[in-house]
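The following exercises concern the surroundings of a bound ligand and the empty spaces of a protein model. Each task is followed by a worked solution.

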Amino acid sequence: MIETDRLIIRPPVEDDRARFIELFTNDAFTVYSGVHDVESANSRFDHMLHMAAVVPYAKQPVIEQSSGTIVGYTGVDVVRFDGINRLEWGWRLVTEARGQGLATEAVSALLAVADESDDGEMLCLINPDNQASRRVAEKVGFHWLRRIDWMGDPADPTDILIRPIGSGGPPLRAPSSWLES
Ligand SMILES: CC(C)(COP(=O)(O)OP(=O)(O)OC[C@H]1O[C@@H](n2cnc3c(N)ncnc32)[C@H](O)[C@@H]1OP(=O)(O)O)[C@@H](O)C(=O)NCCC(=O)NCCS
């Protein structure tokens with residue numbers, strides 16, 4: 001468990017399911033990624049539990065200390081990029097929690113865990129219109145690599161950013177159990 005000035009970040013547990021189903025099925029929370037129905041939200045939460053069991057900085061609940069409420073998540077999942085299943089960092093907060101520096105606070109704290117755990121290159125994918133997210137990425141040490149059409153679709157331009165983790169190195173890859181999840 002990580003404690004920052006205003007937040008707690010800790011691995012997800014089964015008791016968090018109802019809150020994450022609420023969040024994953026909410027349009028505002030899932031902006032830029034696509035809203036889930038209840039079934040796919042449950043699958044996504046199952047996957048979150050699985051990843052957290054194998055990667056110490058997988059996506060985790062971000063909890064407001066003052067209320068004990070889960071206000072978002074940060075951490076890694078897996079994307080296939082340039083033919084490799086790679087770790088990709090993400091962050092997402094409920095609308096009421098945005099604009100107070102909380103994403104930067106949460107991401108920085110969990111990135112410190114990653115820096116202590118691994119050496120390699122971390123990926124981050126951001127919609128070019130998403131300036132708040134781009135700013136968070138820059139504040140925590142990611143830098144722009146290039147812009148691509150995601151899955152070859154010109155309607156889905158995506159900025160690719162990278163950050164060295166630990167002392168840096170080759171791309172950080174999906175855990176071996178990822179394909180089973
Ligand atoms: C992206 C997100 C996590 C940022 O959370 P946050 O707690 O508001 O972020 P922070 O306050 O730590 O930092 C945001 C930065 O972006 C800046 N910013 C916010 N909106 C902006 C905009 N429209 N244009 C330019 N900069 C903007 C802020 O000023 C701040 O930078 P600063 O510290 O230099 O002033 C939050 O907006 C969110 O959950 N968005 C929806 C989900 C999402 O887009 N996730 C990322 C997918 S890649």
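**Exercise 1.** Determine how the shell around the ligand divides by residue class, and which elements supply it.

*Solution.* Step 1: the shell contains nine nonpolar, seven polar and four charged residues. Here Ala, Val, Leu, Ile, Met, Phe, Trp, Tyr, Cys and Pro count as nonpolar, Asp, Glu, Lys and Arg as charged, and the others, Gly among them, as polar. The model is predicted: local features require pLDDT of at least 70 and side-chain atom pairs pLDDT 80 or more, while totals for chains, interfaces and linings use all residues. Residues are numbered from 1 along each chain as its sequence is written, and side-chain values use heavy atoms, with hydrogens and water left out.

Step 2: in total, 20 residues surround the ligand (a heavy atom within 4 Å of it). The closest are Gly99, Thr104, Asn130, Arg135 and Lys139.

Step 3: strand E5 (84-93), helix H3 (102-117) and helix H4 (131-139) each contribute at least two shell residues. H4 has the largest share, six residues. Helices (H or I, at least four residues) and strands (E, at least two) are DSSP runs numbered from the N terminus.

**Exercise 2.** Identify the N and O atom pairs between protein and ligand, and state how much of the ligand the protein buries.

*Solution.* Step 1: consider polar contacts, that is, pairs of N or O atoms within 3.5 Å. A ligand nitrogen lies 2.8 Å from a backbone N or O atom of tryptophan 91. For leucine 102, a backbone N or O atom is 3.4 Å from a ligand oxygen.

Step 2: the side chain of lysine 139 places an N or O atom 2.6 Å from an oxygen of the ligand. The protein buries 69% of the 960 Å² that the ligand exposes when taken alone (Shrake-Rupley method, 1.4 Å probe).

**Exercise 3.** Characterise the pocket that corresponds to the space taken by the ligand.

*Solution.* Step 1: the ligand's space is the largest pocket. On a 1 Å grid over the protein atoms alone, a pocket is an open set of points with protein on both sides within 12 Å along at least five of seven lines, and lining residues have an atom within 4 Å of a point. A molecule sits in a pocket if more than half of its atoms lie within 2 Å of the pocket's grid points.

Step 2: the volume of the largest pocket is about 1100 Å³. Its lining comprises 37 residues, with Tyr32, Ser33, Trp91, Arg92 and Leu125 closest to the centre.

Step 3: E5 gives the most to this lining, six residues. By class, the lining has 17 nonpolar, 11 polar and nine charged residues.

**Exercise 4.** Describe the largest cavity.

*Solution.* Step 1: a cavity is a set of grid points where a 1.4 Å probe fits but cannot get out. The whole structure has one cavity of 30 Å³ or more, and the largest cavity has a volume of about 60 Å³.

Step 2: its lining consists of Arg44, His47, Met48, Met51, Lys59, Val76 and Asp77. H2 gives the most, with four residues.

Methods. A polar contact is a pair of N or O atoms within 3.5 Å; within protein, one must be able to donate a hydrogen and the other to accept it, and residues adjacent in sequence count only if both atoms are side-chain atoms. Grid points are joined across faces, edges and corners, and a volume is the space filled by probe spheres set on the points.
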